[in-house]
Amino acid sequence: MRGDYSNHVIAITGAAQGMGREMALLLARSGCAGLALADFNEKALEQTRQDIGDKCPVSTHVVDVRSVEDLERFRDETLEKHKRCSVLVNNAGIAALGFFEDQTKEYYDRTIKINFDGVVDCTRVFLPLLKREKSAHLINISSMYGYFATDNNSNYHASKFAVRGFTEALATECTIRCPQVKVHCVHPGYVRSQLMENADLTQITREDALDMFKRIGLTNSDQAAKMILEGAMRNQFRIRVGPDAYLLDFLPRLLPGTYLVNPRFRKFCFSYVMLNSYAAARIRDTIGLSDASCVFLVLLAQAIAARAVLRRLLGK
Ligand SMILES: NC(=O)c1ccc[n+]([C@@H]2O[C@H](COP(=O)([O-])OP(=O)(O)OC[C@H]3O[C@@H](n4cnc5c(N)ncnc54)[C@H](O)[C@@H]3O)[C@@H](O)[C@H]2O)c1
């Protein structure tokens, strides 16, 4: 991994599975001063600790990010074990699929409490520790669903748009009050993780959700972990993970509002983006270029092809 975490003590929520676990393993392999790992899945969290072994000082904390008491205990135990904390990764989250009208208030609120309130509360609890450091990073995981909308996901979108709003606002505050704390907002595209195993589902069976995610996932959790950690060390504010996250970022900018109103047009845009994302991901996995470069290559190839077709049609 490019980027040096050797002086950092890193606290990660949602470290038992998926991207959180892969970030922990990568940091342990590359060398860091300490890892404080939190999750509410005690068994899987213990597996992460065992897989890290003695590669670096590590502590695990059974924490539900919905509970402020749990988060305060997480901070106190981190201080006790590692004496400091210089990087916080607010990663814990769940997915939710279903139409708004089919979801109860309790069901809706669960997503907001974990995905948004959990990020805000954990930031509030840990920010004083980050401010004590000469150089610190706050990494909040939003989603590409934090900048464009789909049907069937309103609570997830609400939570991830909120994480993005909170993170962007906090980043501006930190530049004034604590410029040593760098803030990063991460927008992953579809990442092959265990997200659908814990998802709240109303209209689709778990098997179908898992199957769908396997098909549309373009980036593996370990690739995503590397992109996030390298992006933070490069002081990138907005970290997009996967070619789909780059391409879908254009949609609301190019067609603000328009893509929302017509379901057929939305489907067309989405299919077009996913086809291009798939091509870009294949190039990335074959020759190892960055997502942004691969997206650029795919779009360039299309522009050249379109120009040739036009010239032919116009007889030039
Ligand atoms: N996988 C994707 O395609 C994708 C895309 C965009 C954003 N994200 C976001 O990335 C983050 C990581 O997700 P992932 O894909 O690795 O999923 P994952 O399900 O593999 O990992 C999420 C982890 O968070 C933990 N968690 C969930 N609720 C918790 C709670 N209340 N308290 C403590 N821990 C809790 C889970 O136990 C799990 O270990 C999430 O915030 C997710 O919304 C994922």
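A walk through the model

Let's start at N235, which you'll find in the loop between α7 (221-233) and β11 (238-241). Keep in mind that this is a predicted model. N235 is not a glycine, yet its phi is positive, at about 60 degrees. That's worth a second look, because most residues other than glycine have a negative phi. As for its surroundings, N235 has 9 other C-beta atoms within 10 Å, so it counts as exposed.

There's another residue like this earlier in the chain. K83 sits in the loop between α3 (68-82) and β4 (87-90). K83 isn't a glycine either, and its phi is positive at about 75 degrees. With 10 other C-beta atoms within 10 Å, K83 is exposed.

While we're looking at loops, try S135, in the one between α4 (105-131) and β6 (136-141). Is S135 buried or exposed? It has 12 C-beta neighbours inside 10 Å, and 12 or fewer is the cut-off, so S135 counts as exposed. Setting aside neighbours within four places in sequence, S135 still touches S86 and Q180. N115, on the other hand, is 20 residues from S135 in sequence and 26 Å away in space, going from C-alpha to C-alpha.

Now for some strands. β2 (residues 34-39) runs parallel to β3 (residues 58-62), and the two pair over 5 bridges. To get from β2 to β3, the chain passes through helix α2 (residues 42-52), making a right-handed β-α-β crossover. If you'd like one pair to pick out, L37 has T60 of β3 as its bridge partner.

Next, the inside. The largest nonpolar core has 79 residues, and the members touching the most others are I10, L35, L88 and I228. Both domain 1 (9-241) and domain 2 (243-316) supply at least three residues to this core. Take I10 as an example: leaving out residues up to four places away in sequence, I10 touches Y5, L27, C32, L35, V87 and V89.

Finally, have a look at helix α8 (residues 243-254). How far apart are its end C-alpha atoms? They are 17 Å apart, which agrees with the 16 Å that its 12 residues should span at 1.5 Å a residue. Several residues of α8 are buried, namely P243, D244, A245, Y246, L247, L248 and L251. These buried residues pack against β7 (181-188), α9 (258-261), α10 (263-287) and α11 (291-313). They also pack against β11, the strand that follows the loop holding N235, where we began.

Note on methods
Residues numbered from 1 in each chain as written. Predicted model: local features only at pLDDT ≥ 70, side-chain atom pairs only at ≥ 80, totals over all residues. Pairing = 2+ DSSP bridges. Helix = DSSP H or I, 4+ residues; strand = E, 2+ residues; numbered from the N terminus. Right-handed = clockwise from strand over helix to strand, strands pointing away. Core = buried A, V, L, I, M, F, W, Y, C linked by C-beta atoms within 7 Å. Buried ≥ 20, exposed ≤ 12 C-beta atoms within 10 Å, placed from the backbone. Domains from an automatic or database assignment. Contact = placed C-beta atoms within 7 Å. Expected span 1.5 Å × (residues − 1).
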